[in-house]
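Here is a short briefing to read alongside the sequence and the model. Please keep both open as you go through the points.

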Amino acid sequence: MSTSTPRRILLAGCGDLGTRLGLRLVDQGHDVIGLRRRVADLPDVFETISMDLSRLGAPGRSDAEVPVRSDSRLVDLDAVVITLTPDEPTRAGYEHSYLYGLRGLARVLESQPGRVVLVSSTRVLAEDPTQVITEDAPIAPAPGPGEVIAAVEAEAAELFDALTILRPAGIYGPGRTRLIDTVRHGRQLNHQRWTNRVHRDDLVRGLECLALTPEPPGLVHAVDSLPAQLGDVAAFIADRLGVSVPGHVENERPGGRRIDGCGFRSLVGELSFPTYRDGFASMLTESP
């Protein structure tokens, strides 16, 4: 995707997703600013800002306690893409990284960006495998991290005038091999649990579209075209690895979500990895 006019785009919490998005944007002639705590590993083609947003946004932190330094690069931004990640997978970890990070970002921005893209999560949705979930579904998070992410979505809507929320599910791809490792080592899992996935590369394409499209949708579920039960996904991976399918965890019942991906495909077009089969086949072919 390309636009004729170069944009100034801030990548807040610039980890793997932000870095890969930024490289695509730079290739198209856009100016990219990567903001994170440690910037040494960011590409040289990025402008960089070293800043701990979570510390700036923590409760009880006044400007006197945690001064907010002015930065002229944080004015008149065409887009901000927020890809925060928790240091630990607990409610407290999500509050510290997501909620306080969002508040810290709002403190340092010198003006309203033209567009803000928040990477959220499908964890804000209810688990009901009997229903196909679309973007019209109300949020109903389970206690814990999902509640925090829902609060972040609500607060972001109050903070930013032009907000788009992208909710990915089950991000996988190079370097994201948790399920492959689970199958390889024969760890039991819930075969009846419904799951959704999106390949990292397709997710990055979605972020690019939302950052550059003049009038993007306000909410998109970033999932591929094939929700599947975990046992079927594990069986596919096991066949490719030439190992036995891991056993089913006793007393586990059907659960999870089946999320419709039509909105994401309308945004991105044809996915590079339309189903988990395409994505995991590519990963396992590339594996040594």
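The expected span of a helix is 1.5 Å times one less than its number of residues. With that in hand, welcome to this predicted model. The points below cover a helix, an aromatic pair and a small group of strands, beginning with helix H1 (residues 16-27).

**Helix H1**
- Helix H1 has 12 residues and runs 17 Å from its first C-alpha to its last, close to the expected 16 Å.
- Buried positions in H1 are Leu17, Gly18, Thr19, Leu21, Gly22 and Leu25.
- Those buried residues pack against four strands, S1 (8-12), S2 (31-36), S4 (79-82) and S8 (171-172), and also against helix H6 (200-212).
- After H1 comes Gly29, which has a positive phi, near 95°.

**Aromatic pairs**
- The structure holds three aromatic pairs.
- One of them joins Tyr94 and Tyr98, stacked with 5.2 Å centre to centre and 15° between the planes.
- Both tyrosines belong to helix H3 (residues 91-108), where Tyr94 and Tyr98 are four residues apart, about one turn of the helix.
- An α-helix has 3.6 residues a turn, so residues three or four places apart point the same way.
- Tyr94 and Tyr98 are both buried.

**The S12-S9-S13 sheet**
- Three strands form an open sheet in the order S12-S9-S13, with mixed pairing.
- Its edges are S12 (228-229) and S13 (255-256), each pairing on one side only.
- Strand S9 (residues 193-195) pairs with S12 in the antiparallel sense, over two bridges.
- Trp194 has Gln229 in S12 as its bridge partner.
- Over the face of Trp194 lies Arg258, at 5.2 Å from the ring centre.

Definitions and conventions: Residues numbered from 1 in each chain as written. Predicted model: local features only at pLDDT ≥ 70, side-chain atom pairs only at ≥ 80, totals over all residues. Heavy atoms only, no water. Pairing = 2+ DSSP bridges. Phe/Tyr/Trp six-rings, centres within 6.5 Å; stacked < 30°, edge-to-face > 60°. Buried < 20%, exposed > 50% of the residue type's maximum accessible area, 1.4 Å probe, protein only. Lys NZ or Arg CZ within 6 Å of the ring centre and 35° of its normal. Contact = heavy atoms within 4.5 Å.
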